[in-house]
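Visitor: Could you pick one part of this model and take me through it closely? I'd like one connected account rather than a list.

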Amino acid sequence: MITDPNYSFLSPAGRDFVIAAARFGAVSPSSRVLMLGCGGGAGAVVVAKEFRCRVVAVETRSGFAEEARGLCEREGVSHLVTVDAGNPFEAGYADDPFDLVIAEGGFLRPATRAPFFDAIERWLLPRGVAAFADIIYTTEQVPASVSQMYGSLKKQTLSEEDYQKLVKDAGVELQYVGLSPPSNWDNFYGYIMKRLNDAEGFFGSGAVRAAMNNEINLFYRMGCLKYIGYLTCICRKG
């Protein structure tokens with residue numbers, strides 16, 4: 001059931017995840033936050049408005065960086081948020097580390113997982129906080145149609161145990177782990193359905209519209225929450 005008709009995040013993690021990470025990291029107006037995979041800027045706007053801190057929001061997917069800049073301007077936080085469309089692993093963030101690093105939904109693709117966990121300690125100040133969210137399998141028995149849609153079992157899509165090992169190997173301490181509630185999936189897919197009417201930008205692509213329609217149909221037809229979940233984790237650098 002959709003519980004938030006104004007939902008505007010590109011994953012089921014949503015506003016609660018971003019706010020929880022910022023509160024856990026004791027973010028204040030003097031803090032600096034790095035948000036990876038910011039989408040249209042919803043998370044960056046929330047953090048900037050709630051905590052009045054400086055935010056670097058990174059998004060490489062087509063059209064989203066401009067969308068995020070526009071949202072920041074309309075919400076009056078463009079002076080606090082810098083939107084970067086470049087490769088974060090080439091940006092030199094280790095030279096000026098952050099108090100909080102958030103990897104929002106969609107950022108932790110197979111190609112970015114290893115570089116993210118390799119870089120995270122260098123990107124954080126001492127006692128800094130990292131938070132990330134990603135889809136996981138919650139069972140080993142996954143129908144072929146589900147694994148084909150959400151990633152090959154044990155390859156593209158991981159389990160909670162896989163992520164716990166990545167966290168440990170990265171040298172940060174896991175402080176919180178949880179799953180987004182089912183209502184957040186409904187909020188997320190409800191938002192995506194609205195965006196599929198876009199004539200341009202990321203969702204203006206026919207291929208994207210077809211893929212998302214197929215994903216949403218499969219999710220509800222197969223009852224995919226029996227097999228998948230949206231993991232949210234908060235870690236602290238020692």
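Guide: Happy to! Helices here are DSSP runs of H or I with at least four residues, strands are runs of E with at least two, and both are numbered from the N terminus. The model is a predicted one. As a short stop on the way, Tyr150 lies in helix α5, residues 144-150. Its relative accessibility is 8%, so Tyr150 counts as buried, the cut-off being under 20%. Among the residues Tyr150 touches are Ile135, Tyr189, Phe219 and Ile228.

Now for the close look, at strand β1, residues 32-36. Five of its five residues are buried, so β1 is largely enclosed by the rest of the structure. Side chains in a regular strand alternate between the two faces of the sheet. In β1, Arg32, Leu34 and Leu36 point one way, while Val33 and Met35 point the other way.

β1 has parallel pairings with β2, over five bridges, and with strand β4 (residues 98-103), over four bridges. In the pairing with β2, Val33 stands opposite Val55. To get from β1 to β2, the chain passes through helix α2 (residues 42-51) in a right-handed β-α-β crossover. Towards β4, Leu36 stands opposite Ala103.

From β2 (residues 54-58) we can step on to β3, since these two also pair in the parallel sense, over four bridges. Here Val56 stands opposite Thr82. Helix α3 (residues 64-74) carries the chain across from β2 to β3, and this β-α-β crossover is right-handed. In β3, residues 81-84, Val81 and Val83 form a covered face, whereas Thr82 and Asp84 form an uncovered one.

Technical notes:
Residues numbered from 1 in each chain as written. Predicted model: local features only at pLDDT ≥ 70, side-chain atom pairs only at ≥ 80, totals over all residues. Heavy atoms only, no water. Buried < 20%, exposed > 50% of the residue type's maximum accessible area, 1.4 Å probe, protein only. Pairing = 2+ DSSP bridges. Right-handed = clockwise from strand over helix to strand, strands pointing away. Contact = heavy atoms within 4.5 Å. Lists of a residue's contacts leave out its neighbours within four places in sequence.
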